[in-house]
Amino acid sequence: SDDNHLAEVKRRFQTAIEMYNTNVEATPTNLNGILEELETETADPAFWDAENKDRNKHVTSQLSKYSRLKSRLEEWKSWKEDGEAALEMLETAAEETEELFTPDERESLVRELEESANKLLQEG
């Protein structure tokens with residue numbers, strides 16, 4: 001039934017949120033500061049001198065790693081927020097006596113919630 005499906009989707013989303021939180025906790029809290037420092041260092045023309053080759057390699061790889069991490073976090077956050085918005089609407093609708101959404105609208109909210117959960121679970 002619809003309700004069973006929704007309950008299952010909510011559980012998946014809950015699992016996804018827990019995984020999201022774990023990933024966020026594993027991220028350096030000063031990610032932006034780290035990126036800034038690395039970018040500042042690469043902005044110095046002397047940084048690119050030949051004798052600085054090893055440092056150069058290290059910094060550029062760190063920079064790329066942390067930039068990727070930052071954009072992944074932003075992507076995860078937007079999926080989480082999409083899912084939360086859909087969930088909130090579904091829960092509000094469940095508390096109302098009259099139907100807030102047509103069956104199609106409700107179905108599309110459930111789908112959105114499910115997609116958010118799936119994207120987050122896939123990434124985690």
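## Close-up views of a predicted helical model

**View 1. Asparagine 56 and the two aromatic residues it touches.** Setting aside residues up to four places away in sequence, asparagine 56 touches Phe47 and Trp48. This is a predicted model, and asparagine 56 belongs to helix H3. With a relative accessible area of 12%, asparagine 56 is buried. Its two partners show up again in the next view.

**View 2. The aromatic pair, phenylalanine 47 with tryptophan 48.** The structure holds 1 aromatic pair. Here the ring centres of phenylalanine 47 and tryptophan 48 sit 4.8 Å apart and the planes meet at 85 degrees, so this counts as edge-to-face. Which of the two rings is buried, and which is partly exposed? Phenylalanine 47 is the buried one, at a relative accessible area of 3%, while tryptophan 48 is partly exposed at 48%.

**View 3. Helix H1 and what it packs against.** H1 runs over residues 2–25, which makes 24 residues. From first C-alpha to last it reaches 34 Å, close to the 34 Å expected at 1.5 Å a residue. Leu6, Val9, Phe13, Ala16, Ile17 and Tyr20 are the buried residues to look for in H1. They pack against two other helices, H3 (53–95) and H4 (103–123).

**View 4. Asparagine 4, out in the open on H1.** Asparagine 4 is also found in helix H1, but don't look for it among the buried residues: its relative accessibility is 54%, so it counts as exposed. For a sense of distance, try leucine 100: asparagine 4 and leucine 100 are 96 residues apart in sequence, and their C-alpha atoms are 20 Å apart in space.

**View 5. Helix H2 and its two sides.** H2 covers residues 31–43. At 1.5 Å a residue, its 13 residues should span 18 Å, and the end C-alpha atoms are indeed 18 Å apart. Where do the buried residues of H2 fall, seen down its axis? Leu31, Ile34, Leu35, Leu38 and Thr42 are buried. Seen down the axis, these buried residues of H2 fall within an arc of 95 degrees, so they line one face of the helix. Over on the other side of H2, Glu36, Glu37, Thr40 and Ala43 are exposed. The cover over the buried residues of H2 includes H3.

**View 6. Tyrosine 66 and its contacts.** Leaving out neighbours within four places in sequence, tyrosine 66 is in contact with Pro28, Leu31, Ile34, Leu35 and Leu38. Several names here should look familiar from the previous view: Leu31, Ile34, Leu35 and Leu38 are among the buried residues of H2.

**View 7. The largest nonpolar core.** This core has 25 residues. The ones with the most contacts inside it are Phe13, Leu38, Tyr66, Trp76, Leu90, Leu113 and Leu120. H1, H2, H3 and H4 are the elements that give two or more residues to the core, and H3 supplies the largest share, 9 residues. Two of these well-connected residues have already come up: Phe13 is buried in H1, and Leu38 is buried in H2.

**View 8. Confidence along the chain.** The chain averages a pLDDT of 94, with 99% of the residues scoring at least 70. Which element has the lowest mean pLDDT, and which the highest? Among the elements of the chain, H1 has the lowest mean, at 94, and H2 has the highest, at 96.

Terms used. Residues are numbered from 1 along each chain as its sequence is written. This is a predicted model: local features need pLDDT of at least 70, side-chain atom pairs count only at pLDDT 80 or more; totals for chains, interfaces and linings use all residues. Side-chain values use heavy atoms; hydrogens and water are left out. Helices (H or I, at least four residues) and strands (E, at least two) are DSSP runs, numbered from the N terminus. The expected span of a helix is 1.5 Å times one less than its number of residues. Buried means under 20% relative accessible area, exposed over 50%, partly exposed in between (1.4 Å probe, protein chains only). Contact means heavy atoms within 4.5 Å. pLDDT is the predictor's confidence in each residue, from 0 to 100. Rings of Phe, Tyr and Trp (its six-membered ring) pair if their centres lie within 6.5 Å; planes under 30 degrees apart count as stacked, over 60 as edge-to-face and the rest as tilted. The arc is that of the directions from the helix axis to the C-beta atoms. A nonpolar core is a set of buried Ala, Val, Leu, Ile, Met, Phe, Trp, Tyr and Cys residues joined through side-chain atoms within 4.5 Å.
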